[in-house]
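I have a new structure open and a blank notebook page. I'll jot down what I look up as I go.

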Amino acid sequence: MKTNPIYLLLIFISCQQINLTAQNSNKNSKPADLQIMAGMNRGFGLGSNIVFYNLSQSFPFELRFGIGYTWLNPGNSADARRIFINDATNGTPEKKGHNIDLRMDLMKSATIFGHTHSYWYIGPRYSFFKGNFRYVGGNEDFDVTSKQFGFGTGIESRYQMTSNLKFVISAGLDYFFPALMQGHDTSYSPDNDNVNPRTNRDTGDKYKFKDANNAIKQPELMPRIQMGIQWNL
């Protein structure tokens, strides 16, 4: 039986189309990468991010979601006690603090310092700050907490190490807006709608938000320099 050449040509074109579609599907099938980062974020911090690719052909950015944990100096122990509890000075002060931050970044490919596998990024932030102040022998142990919105920007470069592993260097700056600070039975708000504010015994005036904000180092400007690794998922 004689085979029609046109029929064979159509079969060939169809096979090539299927092969091309499969290649494009494989190219775009990589859903996300996982990043593990460590470095300075006003204090030492650790974080993990997930970077999503190929969200849409018309969407020009990579999308990254992350969470971080940073150990911070929470502020001045003596001032924290006066502003949130009382004017007592007994006991040996101990303090510790941390910040948990959630972040989302829009990432755009760029060439930075001649390196083509680089990005600039920008996006919103949200933080959970907690400072603990303890006075050993003074019978005082209390937390000061705040929750803040913010935004951040920065640059990042990635260096291929193996077929599915990259080395990552990132530098940026986050800014968090002043927010309500709560400690013991007292709170201070940026608009000074304060609850049970303590009295400054030197002036006789009630403490205000700016006094609490000077005493407690809740996140504000947070420079970030971190390094880590990135896996293809």
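**Entry 1: starting with N196**

First thing I wanted to know: is N196 buried, exposed or partly exposed? I looked it up, and N196 is partly exposed, because its relative accessible area is 34% and the middle class runs between under 20% for buried and over 50% for exposed. A caution to myself: this is a predicted model.

Next I checked where N196 sits. It belongs to the loop between β9 (186-188) and α3 (209-215). I skipped its neighbours within four places in sequence and asked what else N196 touches: the contacts are D185 and T186. With D185 there is also a side-chain polar contact, at 3.2 Å. I then looked at F84, which is 112 residues away from N196 along the chain. The C-alpha atoms of N196 and F84 are 8.8 Å apart.

**Entry 2: stepping back**

I wanted the overall layout. The protein has three helices and ten strands, and I read their order along the sequence as α-β-β-β-α-β-β-β-β-β-β-α-β. Of its 233 residues, 38% count as buried. I also looked up the accessible surface, which is about 13,500 Å², with 60% of that belonging to carbon and sulfur atoms.

How much of the contact list is long-range? Taking contacts between residues at least 6 apart in sequence, 64% join residues at least 24 apart.

**Entry 3: salt bridges**

My reminder before starting: side chains of opposite charge can pair when their charged atoms come close. I found that the structure holds 13 salt bridges, and I followed three pairs.

R158 and E62 came up, with their closest N and O atoms 3.5 Å apart. R158 is in strand β6 (residues 140-162) and E62 in strand β3, so this pair ties together parts that are 96 residues apart in sequence. I checked burial too: R158 and E62 are both buried.

Then I went to R64 and E156, where the closest N and O atoms are 2.5 Å apart. R64 lies in strand β3 and E156 in strand β6, so the salt bridge ties together parts 92 residues apart in sequence. Again I noted that R64 is buried, and so is E156.

The next pair I wrote down was K130 with D143, at 3.6 Å between the closest N and O atoms. K130 is in strand β5 (residues 115-136) and D143 in strand β6, 13 residues apart. K130 is partly exposed at 33% relative accessible area, and D143 also counts as partly exposed, at 28%.

I then asked which residues are joined into one network by salt bridges that share partners. The answer is E62, R64, D101, R103, D105, R125, E156, R158 and D174.

**Entry 4: aromatic pairs**

I moved on to the rings and found 13 aromatic pairs. What kind of pair do F61 and W120 make? Their ring centres are 6.2 Å apart and their planes stand at 75°, so I logged the pair as edge-to-face. F61 lies in the loop between β2 and β3 and W120 in strand β5, so the pair ties together parts 59 residues apart in sequence. Both came out as partly exposed when I looked: F61 at 24% relative accessibility and W120 at 36%.

I did the same for F151 and Y175. Their ring centres are 6.1 Å apart with planes at 55°, so this pair is tilted. F151 is in strand β6 and Y175 in strand β7 (residues 165-176), 24 residues apart. F151 counts as partly exposed at 44%, and so does Y175 at 23%.

**Entry 5: a nonpolar patch**

Last stop was the surface. Which residues make up the nonpolar patch of about 490 Å²? I listed M40, F44, L46, Y69 and W71. The elements that give two or more residues to this patch are β2 (44-52) and β3 (62-72). M40 comes from strand β1 (residues 32-40), and it is partly exposed, with a relative accessible area of 45%.

One link back to the aromatic list: ring pairs join F44, Y69 and W71 into a cluster, and these residues are among those I had just listed for the patch.

Technical notes
Residues numbered from 1 in each chain as written. Predicted model: local features only at pLDDT ≥ 70, side-chain atom pairs only at ≥ 80, totals over all residues. Heavy atoms only, no water. Patch = residues over 30% accessible without salt bridge, like charges linked within 9 Å, V, L, I, M, F, W, Y side chains within 5 Å. Areas by Shrake-Rupley, 256 points an atom, 1.4 Å probe, with all protein chains shown as cover. Salt bridge = Lys/Arg side-chain N within 4 Å of Asp/Glu carboxyl O. Helix = DSSP H or I, 4+ residues; strand = E, 2+ residues; numbered from the N terminus. Buried < 20%, exposed > 50% of the residue type's maximum accessible area, 1.4 Å probe, protein only. Contact = heavy atoms within 4.5 Å. Polar contact = N/O pair within 3.5 Å; in protein donor to acceptor, adjacent residues only side chain to side chain. Phe/Tyr/Trp six-rings, centres within 6.5 Å; stacked < 30°, edge-to-face > 60°.
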